[in-house]
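Subject: Structure for you to look at

Hi,

Here is the structure I promised to pass on. Please have a look, and then read on for what I found in it.

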Amino acid sequence: MAAVIISLLLLFFFSRSPSLSTVDPDPPGARRLPDIIIIGVRKGGTRALIEMLNLHSDVVAAPSELHFFDWDSHYLRGEDWYVSQMPLARPGQLTVEKTPAYFTSAHVPERIRRMIPDARLLLIVREPTERLLSDYTQVYHNRLEKHKLQQTLETLLMHHGELDLHYKALNRSLYHVHMRRWLHVFPRSHIHLVDGDALIRNPLPEMKKVEEFLHLEPQINASNFYFNQTKGFFCLRDRRRERCLHGSKGRTHPRLAPELLRKLHDFFHEPNQEFFQLVGRTFDWK
């Protein structure tokens, strides 16, 4: 009888105690302010960058562009609302969000510094003329889907025979203007520049540099990428799952008259040099 009672007591005790088989190997995480913010640039490759960064097991990404720091309607909701939009992150994981409009918004750098002074910032840039063409192409297709009237790129670019500096797509490619604001607020060491053109051609070397900047354990490797001949760019492979970026990526750009294309390249030459001097590196741009 005593043996039966002891057996029942042991059974009760172990049924009440967590066993190795019932301990959750992945305890639920918590939402917190992001460690990493992809600040831009629009049509520079921000979607590709966050998707590739999300291949790393120690990174979790916000599911959409939050526009917290650039839209007053969101910013006024406060820090708690911002945190509530973040993904759950386990201890040791880094949280990342991307909103490309941050780079060109005048008040954003100071707002980020006040809330997340140790934020690690990623800025992906492309050759300015190519970025402008991609910017126009996206707006063109958005307007097409909404059955809105279209304007040719030439019409938007030119005003009385000169380039119109008020055209937003042109202004966004003047990287030195916007970068100067960021460097007034953040030290250069807090901002890592990703070469968007190189990321398209061969993503792995650029992603290894990102891992190093973020002090991540090296994980992303060649097996995570494969070239899709149909789409004409690299797609991603993660845990035997393959995926490509949205069909809106990689659209054909409009053809510009050679003289206008040359005018753009000439126009961007000096601003590019100023940008190179600001950031302490050069890019292989026309």
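A word on terms before the details: helices (H or I, at least four residues) and strands (E, at least two) are DSSP runs, numbered from the N terminus. This is a predicted model, so local features need pLDDT of at least 70 and side-chain atom pairs count only at pLDDT 80 or more, while totals for chains, interfaces and linings use all residues. Residues are numbered from 1 along each chain as its sequence is written, and side-chain values use heavy atoms, with hydrogens and water left out.

Let me start with Val-185, which is found in helix H9. Val-185 counts as partly exposed because its relative accessibility is 22% (buried is under 20% relative accessible area, exposed over 50%, partly exposed in between, with a 1.4 Å probe and protein chains only). Leaving aside neighbours within four places in sequence, Val-185 is in contact (heavy atoms within 4.5 Å) with Pro-109, Glu-110 and Arg-113. Its C-alpha lies 10.0 Å from that of Arg-114, although Val-185 and Arg-114 are 71 residues apart in sequence.

Helix H9 (175-185) also supplies at least two residues of the largest nonpolar core, as do strand S1 (36-40), helix H4 (78-84), helix H5 (108-115), strand S4 (120-125), strand S7 (191-195) and H12. A nonpolar core here is a set of buried Ala, Val, Leu, Ile, Met, Phe, Trp, Tyr and Cys residues joined through side-chain atoms within 4.5 Å. This one has 34 residues, and Phe-69, Tyr-82, Trp-182 and Phe-275 have the most contacts inside it. Beyond its neighbours within four places in sequence, Tyr-82 is in contact with residues including Leu-33, Ile-37, Phe-69 and Met-115. Apart from this core lies another, of 28 residues, among them Leu-53, Ala-61, Ile-124 and Phe-233.

H12 deserves a look of its own. Its 22 residues (258-279) should span 32 Å at 1.5 Å a residue (the expected span is 1.5 Å times one less than the number of residues), and the end C-alpha atoms are 31 Å apart, which agrees. There is a kink of about 35° at His-269, shortly before the proline Pro-271; the bend is the angle between axes fitted to the seven residues ending there and the seven starting there. Buried residues of H12 include Leu-264, Phe-268, Pro-271 and Phe-275. After H12 comes Gly-280, with a positive phi near 75°.

Happy to talk it over whenever suits you.

Best wishes
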